[in-house]
Amino acid sequence: AAPKGAGDLAMVTSCGRALLKAINSHVLPPPPQWALEHPQAEQETALERIETMTTYRACHALAARCAKAGAKPTRMLGRGFLRGTRCLETVSDSCRAQLLEQRFPPPLVDTFLDRFGRSLDAGSEEEEALVWAADLPRAIDERRRERQREVEERRERMDAGEGEAVALREALAAMRTGDGAAEESRIEDVTEEG
């Protein structure tokens, strides 16, 4: 069940604005400092580490270009930027504190930040499809049509199942009202004795 207040669109929108503001005001550390703050994981290969650092350097350079042009990173850059910089880890704590200070319900804040964070993960299609949709109304409409198709398929299966159930009931009733032969039929287990 969704936490109390989670359905309040105005509150959720305010949470989103606060998060965007926190991301836009976050200053990325230089790559060497970031590398120290995010050491190579044990299961991360050398090639994966090089890729991680290359991605961070590119994100850092893009953020610097945005700042120089007076553009907001959240308007110019997307999910790849947030994945590559891992800045949500840092920004979430300050955003949570700011929202709680403004007396937002803690369950709402935690749910919002958790779901937004999950939308960054690969394979989180449910959150990802809506949060990162280029055309939100179209994504919502496609989702509605898909659910409608599922409902129609379920109804067809139920109707077909009901028809089968009726046929079975009729067959059983015919067996009971028949000449009694059905009652005399038995299945016997035959075993060979040695």
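This is a short talk on the fold, the core, one pocket and a few individual residues of the protein shown above.

Let me say at the outset that what we are looking at is a predicted model, and I will keep to what can be read from its atoms. The protein has 194 residues, of which buried residues make up 23%. Its secondary structure comes to 10 helices and zero strands, so that, read along the sequence, the pattern is simply α-α-α-α-α-α-α-α-α-α. If we take the contacts with a separation of 6 or more, 60% of them are between residues 24 or more positions apart. The accessible surface comes to about 14500 Å², and carbon and sulfur atoms account for 54% of that area.

I turn next to the interior. In soluble globular proteins, nonpolar side chains tend to be buried together. Here the largest nonpolar core holds 27 residues, and the members that touch the most other members are L19, F81, L82, C95 and L99. Which helices each supply at least two residues of this core? They are α1, spanning 9-25, α3, spanning 46-69, α5, spanning 79-85, α6, spanning 87-101, and α7, spanning 106-120. Of these, α7 gives the largest share, with six residues. For one member, F81, we can list the partners by name: once neighbours within four places in sequence are left aside, F81 is in contact with L28, C59, A63 and P73.

Two of those partners lead us to the second largest pocket, since L28 and A63 are among the lining residues closest to its centre, together with H26, V27 and A67. This pocket encloses about 210 Å³ of space, and 15 residues line it. What is the character of that lining, in terms of nonpolar, polar and charged residues? It divides into 11 nonpolar residues, four polar ones and no charged ones. Both α1 and α3 supply at least two residues of the lining, and the largest share, five residues, comes from α3.

Staying with α3, I would like to look at C66, which is placed in that helix. C66 counts as buried because its relative accessible area is 7%, where the cut-off for buried is under 20%. Leaving aside neighbours within four places in sequence, the contacts of C66 are with A71, P73, M76 and L77. For the last of these, the C-alpha atoms of C66 and L77 are separated by 9.1 Å, with their positions 11 residues apart along the chain.

Beyond the end of α3 we come to K72, which lies in the loop between α3 and α4, the latter being 73-76. Is K72 buried, partly exposed or exposed? With a relative accessible area of 47%, K72 is partly exposed. Measured in sequence positions, if I may put it that way, K72 and S25 are 47 residues apart, and yet in space their C-alpha atoms are 8.7 Å apart.

On the other side of α3 there is E44, found in the loop between α2, which is 31-37, and α3. E44 is a charged residue by type, and it is buried because its relative accessible area is 14%, again set against a limit of under 20%. Not counting residues up to four places away in sequence, E44 touches R49 and T52.

Finally, two arginines deserve a careful look at the backbone. R86 lies in the loop between α5 and α6, and its phi is near 55 degrees, a positive value in a residue other than glycine. R103, in the loop between α6 and α7, also has a positive phi, in this case about 70 degrees, although it is not a glycine. Where do the two stand in accessibility, partly exposed or exposed? R86 counts as partly exposed, at 28% relative accessibility, whereas R103 is exposed, with a relative accessible area of 76%.

To gather the threads, α3 contributes to the largest nonpolar core, gives the largest share of the lining of the second largest pocket, and holds the buried residue C66.

Key:
Residues numbered from 1 in each chain as written. Predicted model: local features only at pLDDT ≥ 70, side-chain atom pairs only at ≥ 80, totals over all residues. Heavy atoms only, no water. Core = buried A, V, L, I, M, F, W, Y, C linked by side-chain atoms within 4.5 Å. Buried < 20%, exposed > 50% of the residue type's maximum accessible area, 1.4 Å probe, protein only. Helix = DSSP H or I, 4+ residues; strand = E, 2+ residues; numbered from the N terminus. Contact = heavy atoms within 4.5 Å. 1 Å grid on protein atoms, 1.4 Å probe; cavity = no way out; pocket = protein on both sides within 12 Å on 5 of 7 lines; lining within 4 Å. Points joined across faces, edges and corners; volume = space filled by probe spheres on them. Areas by Shrake-Rupley, 256 points an atom, 1.4 Å probe, with all protein chains shown as cover.
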